[in-house]
Amino acid sequence: MSDIAIVTCRTLPEPDPDEAPLLDACTEAGIDVEMAAWDDPAVDWGRYRLAIFHSCWNYYEDPDGFRAWIDKASSATALWNQPQTVLENLDKRYMAKLESQGVPIVPTRFLDRNTHLGDILEETGWERFVIKPKISAASYMTKRFCRGQEEEAGAFACEILATRGAMLQPYLDSVERGGEVAVVCVDGEFTHCVAKKPRFTGSDESVSVGFQPDEAQICAARVIMSTVREKSLYARIDLMQAATGEWLLSELELIEPTLFLLQHPPALRRFVGALGRL
């Protein structure tokens with residue numbers, strides 16, 4: 001039996017900056033790891049003591065298949081993060097649940113085929129807004145629109161809704177000044193963060209060097225993580241700043257986030273150390 005599978009997919013939609021440093025650090029620590037694709041039916045998951053979700057970045061293309069794989073793999077090995085945590089994090093309706101628990105979130109409306117986009121925009125006053133799927137990754141089918149583009153935006157929403165649910169959020173001006181701040185949590189500790197520039201369909205991710213989250217960002221991240229019922233090996237809390245200065249949850253990544261380990265080597269060491277203790 002091999003020790004640990006790092007779960008990926010057969011065809012990565014984009015390069016994984018964390019893969020090489022993670023594999024190298026595990027080798028140096030004497031931990032036996034190998035990459036294994038969730039969508040490869042030839043993989044025997046019973047060979048592994050643990051399987052760590054990592055770069056399974058195509059799951060949104062077949063969410064039902066991904067759920068079925070989780071059910072099958074979890075009967076053969078231990079999955080981290082834990083299966084229930086991952087399943088609850090698949091659909092971004094978790095945002096509404098977190099809001100009901102007192103977490104400040106980027107204002108979000110969930111769309112269906114009966115939704116009239118113009119009515120929502122009149123009600124909210126949002127001048128710029130983003131439409132994206134409820135189940136997605138890497139900014140898949142994510143676009144920004146302005147008032148006056150309701151017809152184009154409505155057609156795009158219908159395109160999404162033909163195969164999956166969709167959501168609408170305001171485009172916050174703060175992301176153009178400082179970006180979206182991604183706070184990384186490894187084995188219960190907020191290790192570092194990066195600033196990410198806005199990303200939409202067809203664009204590459206652009207991030208800053210690693211830096212330490214300030215007190216307000218840590219406080220916001222701590223409130224968000226307190227809602228996660230099961231222990232998590234890793235998490236990424238993506239925050240945007242409201243005009244009031246309050247930090248709002250943009251996305252809570254508990255499945256397969258890039259952790260920007262190159263930007264902060266101590267987080268890599270902590271991650272590998274945690275693997276050795278699982």
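Aromatic rings make a good starting point here: this predicted model holds 13 aromatic pairs. Nine residues, Trp38, Trp45, Tyr48, Phe53, Tyr59, Tyr60, Phe66, Trp69 and Tyr140, come together as one aromatic cluster. Beyond the rings, there are two charged ends placed over aromatic rings to look at, and two pockets, with about 260 Å³ of space in the largest and about 220 Å³ in the second largest.

**Aromatic pairs**

- Phe53 and Phe66 pair edge-to-face, with 6.1 Å from centre to centre and 70 degrees between the planes.
- Phe53 belongs to strand 3 (residues 48-53) and Phe66 to helix 2 (residues 63-74), so this pair ties together parts that are 13 residues apart in sequence.
- Are these two rings buried or exposed? Phe53 is buried at 3% relative accessibility, and Phe66 is buried too, with a relative accessible area of 0%.
- Tyr60 and Tyr140 form a tilted pair, because their ring centres lie 4.5 Å apart and their planes meet at 35 degrees.
- That pair links distant parts of the chain, 80 residues apart: Tyr60 sits in the loop between strand 3 and helix 2, while Tyr140 sits in the loop between strand 6 (128-133) and strand 7 (143-146).
- Tyr60 counts as buried at 8% relative accessibility, whereas Tyr140 counts as partly exposed at 28%.

**Charges over rings**

- Arg93 places its charged end over the ring of Phe110, 4.5 Å from the ring centre.
- Arg144 has its charged end over the ring of Tyr171, 4.7 Å from the ring centre.

**The largest pocket**

- This pocket is lined by 14 residues, and those closest to its centre are Glu88, Lys97, Leu98, Thr227 and Val228.
- Helix 3 (83-89) and helix 4 (94-100) each contribute at least two lining residues.
- Which element gives the largest share of the lining? Helix 3 does, with four residues.
- By type, the lining of the largest pocket has five nonpolar, five polar and four charged residues.

**The second largest pocket**

- Here 13 residues form the lining, and Pro170, Tyr171, Leu172, Asp173 and Ala243 are the ones nearest the centre.
- Tyr171 is worth finding on the structure: its ring lies under the charged end of Arg144, and Tyr171 also belongs to the lining of the second largest pocket.
- Seven nonpolar, two polar and four charged residues make up the lining of the second largest pocket.

Methods
Residues are numbered from 1 along each chain as its sequence is written. This is a predicted model: local features need pLDDT of at least 70, side-chain atom pairs count only at pLDDT 80 or more; totals for chains, interfaces and linings use all residues. Side-chain values use heavy atoms; hydrogens and water are left out. Rings of Phe, Tyr and Trp (its six-membered ring) pair if their centres lie within 6.5 Å; planes under 30 degrees apart count as stacked, over 60 as edge-to-face and the rest as tilted. Buried means under 20% relative accessible area, exposed over 50%, partly exposed in between (1.4 Å probe, protein chains only). A charge sits over a ring if NZ of Lys or CZ of Arg is within 6 Å of the ring centre and within 35 degrees of the ring normal. On a 1 Å grid over the protein atoms alone, a cavity is a set of points where a 1.4 Å probe fits but cannot get out, and a pocket is an open set with protein on both sides within 12 Å along at least five of seven lines; lining residues have an atom within 4 Å of a point. Grid points are joined across faces, edges and corners, and a volume is the space filled by probe spheres set on the points. Ala, Val, Leu, Ile, Met, Phe, Trp, Tyr, Cys and Pro count as nonpolar, Asp, Glu, Lys and Arg as charged, and the others, Gly among them, as polar.
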